[in-house]
Number of protein chains: 2
Amino acid sequence: MLRTLVGELPDRIGQRVLLQGWVHRRRRLGAVAFLLVRDRSGVAQVVLGDGAVLDALPEETVIAVEGTVTAREQAPGGVELTSPQVTALSAPAATPPVQLWRPALDVGLPTVLDHAPVVWRHRTRQALWRIAASSVRGFRRVLDVRGFTEIHTPKLVGGATESGANVFTVDYFGRPAYLAQSPQLYKQIMVGVFERVYETGPVFRAEPHDTSRHLAEYVSLDVELGFIDDHRDVLAVLGEVLAGMLAEIAAEDVDLAGVRLPALPDSIPVVHFRDALRLVGADPAEPDLAPEHERLLGAWAQEQHRSDFLAVEGYPARKRPFYTHPEPGDPTATNSFDLLFRGQELVTGGQRLHEIADYERALAERGEPLATYAGYLDAFRHGMPPHGGFAIGLERWTAQLAQRDNIRQTTLFPRDRQRLTP
Amino acid sequence: MLRTLVGELPDRIGQRVLLQGWVHRRRRLGAVAFLLVRDRSGVAQVVLGDGAVLDALPEETVIAVEGTVTAREQAPGGVELTSPQVTALSAPAATPPVQLWRPALDVGLPTVLDHAPVVWRHRTRQALWRIAASSVRGFRRVLDVRGFTEIHTPKLVGGATESGANVFTVDYFGRPAYLAQSPQLYKQIMVGVFERVYETGPVFRAEPHDTSRHLAEYVSLDVELGFIDDHRDVLAVLGEVLAGMLAEIAAEDVDLAGVRLPALPDSIPVVHFRDALRLVGADPAEPDLAPEHERLLGAWAQEQHRSDFLAVEGYPARKRPFYTHPEPGDPTATNSFDLLFRGQELVTGGQRLHEIADYERALAERGEPLATYAGYLDAFRHGMPPHGGFAIGLERWTAQLAQRDNIRQTTLFPRDRQRLTP
């Protein structure tokens, strides 16, 4: 008999079907016993004449159940399985470290992380990751229809991507190599080939501090596009991408994970960095926004624009990487932006330099040897269009979307100073 | 004026349009001069009154051209731009290391690799990578509609994935970590969560030899699914995935890259390992197939089944990893397979063990400490369904598909013993 998924049961009333999944929960009520079976689509109730079979089927044991689909209003999904025949597909499972059948997962972060291989089975956790996976699908879908080409750039690199700090060193056949901190240089090079590119892949940062927002490895959703006027064109694509990410998320996962979907206006509101400082009453000489400033700006965007997103443009040049394009008319400012999501930085982006002479000058000013960037500079020597891009941290996106206060709650197997397993 | 792509010109005859792209080639024919402009969609011809402007626009300079779309049978795409106004968007480009305008790229591999940032602009090379990108899109599309969830598993791991050999060591905050050789253990764990998962990401092998088929870093397309009967169910999904990958590839790229598309039957032919040895006249005690055997089997599949693909199942257990499921009735053989594509191994897959007791025995037999696999074994202790999966090397897929004899020709920025840049 072909397998039926739990989610398909309402269409099979009166039929004999085969379910396969995990024992979600066993329940005895006087003379009747119930078995809840969980598969990737949901949980179904199985009615057993007596509960004798349950002793050999502890929670999380994998089973097959043949039974008759019977309408029953009070059961999950309005159906249950009657006259069942239950077969074990695995040996009886050990007792899980957390009670996976409880609607809420009420345990501390260390337990969640130590037992990740099992804890991710909790339905609210599954939903949280499906939201991440759907977001990535939406990201790609938007870019695919807009003529972007997906690239895969090397993670083993000969020099640090953007700065020597926070870089992991690899023993590469007896000499040092480094783990790419971002695909920045490669995605720019590939604009010279495909004009519009994206990459979804791991990046590595040897973060020396343990914070709730940083990891040693995370998934970066990177975009870069050519033939732009300035960073505002990049921001427009970012808005479309975020809309596409939200559109892919299933309503059922939103409910399960308890997510409040954000307000994303058709055009993301923009404020200049110097006006942002003024708005929050900060010293006009500040080179960056403090977390408290970002929170205030988030509240302001909500109030003034009914938007959970706010772009701050014109960041000071001294706080931005060498490839950042200056602001026309003010060389101390840049055509770059941060996107705040609910008052926290989510995305950094902007326009890049595209003339070889500008790169040579920018690197010389920072005292960086050109040789380190030889392949990168080659692209600019041979004609590059005005271009720009952005990067979204996937785990941060999911954490801010689902309002989880630690990025480790939305990372499958987080890596930090302390943690390298599971 | 909004930008028009070269590929859209045939629909704009008689209109004034704005093209943006690279100077592909300049040509002077007596009193008339031509400029070929390349963008991501193709190459267009621009007719210039005289060629004076060309001196300042060497090949690969980025330009904008406003002009009138005029039908002309002999021009590429049947149209050309007349009465043009040309503006440079970048400084004059340096002479490229290869002649990008020539239809064929007739240079040796070292030149291709040393100048990758520019050489990928060659139209045949662009097409080659677009074939790779389209294949990945097809891979995901097939799996998305079949209920698979995309995962991103850590590349920094505490222990070697499958064996201590060929693993890169990372200085991880003062202690050793390793680069994941595959997402094998994590994708199996995630079958316990989502039943069906896939991942497209980098894997790392410290390959000690320079061969035309191995790299230190490559993109692995990984699939794992639960609730299977045996490896034949895995093979069926593989067949659907390959069909989906081929279906996504654009005919134009096939032409540009000179690809001969393979014959993929609805059901991939299967031969048992022991019969395969017999077919090629090898010693029945051989534990593996030599390259020459694989070539002979490829020819046999072509002749007997009109198929460019052949699955060899039942590989000897001693040549397979500890997690491989044995063949029922013959513990020296396994429920695993290799997929040969045009007589070369492309995919390895099969059914895995799913009972904790079998894992404990398999690891003990190989003298491996259970502690190394603690998180992995946790998943099996708490109920795992019968499952299996496979992995396709993206660069190898593209190389075999496009019949390039070195995997470096289908890798954006290859990494090997010698090469860490560009």
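Which residue in S8(B) is the bridge partner of A:Thr169? Hold that thought for a moment, everyone, and good morning. What you have in front of you is a predicted model, and I would like to walk you through how chain A and chain B come together.

So, back to the opening question. The partner of A:Thr169 is B:Asp171, in S8(B). That pair belongs to a junction between the chains: S8(A) and S8(B), the latter covering residues 169-172, run antiparallel and are joined by 2 bridges.

Now let's step outwards from that junction. Within chain A, strand S8 (169-172) also pairs with strand S9 (175-179), again antiparallel, this time over 4 bridges. If you want a spot to look at there, A:Asp171 sits opposite A:Pro176 of S9(A). Put together, the open sheet has 6 strands, and its order reads S7(A)-S9(A)-S8(A)-S8(B)-S9(B)-S7(B), with antiparallel pairing. The edges are taken by strand S7 (156-157) of chain A and strand S7 (156-157) of chain B; each has a single partner strand, so one side of each has no neighbour in the sheet.

What about symmetry? A turn of 180 degrees, with a shift of 0.0 Å along the axis, lays chain B on chain A with an RMSD of 0.0 Å. The two copies are therefore related as by a two-fold rotation axis. And which residue of chain B comes closest to that axis? B:Val170, with its C-alpha at 2.2 Å. B:Val170 falls within the 169-172 stretch of S8(B), the strand we began with.

On to the interface as a whole. Here 77 residues of chain B contact 77 residues of chain A. On the chain B side, the biggest contributor is helix H3 (residues 123-145), which gives 6 residues. Sorted by class, that side of chain B has 41 nonpolar, 18 polar and 18 charged residues. Also, 100% of the interface residues of chain B are interface residues in chain A too, so the copies meet through the same surface.

Two more stops before coffee. First, the domains: chain A is assigned domain 1 (6-88) and domain 2 (116-410), and their C-alpha centres lie 46 Å apart.

Second, a hairpin in chain B. Strand S14 (326-327) pairs antiparallel with strand S15 (330-334) over 2 bridges, and B:Glu327 has B:Asp330 as its bridge partner. The hairpin has 2 residues between the strands, and B:Gly329 takes a positive phi near 90 degrees.

That's my tour. Thanks for listening, and I'm happy to take questions!

Methods:
Residues numbered from 1 in each chain as written. Chains lettered and ligands numbered in written order. Predicted model: local features only at pLDDT ≥ 70, side-chain atom pairs only at ≥ 80, totals over all residues. Domains from an automatic or database assignment. Pairing = 2+ DSSP bridges. Contact = placed C-beta atoms within 7 Å. Nonpolar A, V, L, I, M, F, W, Y, C, P; charged D, E, K, R; others polar. Least-squares fit on C-alpha atoms with pLDDT ≥ 70 in both.
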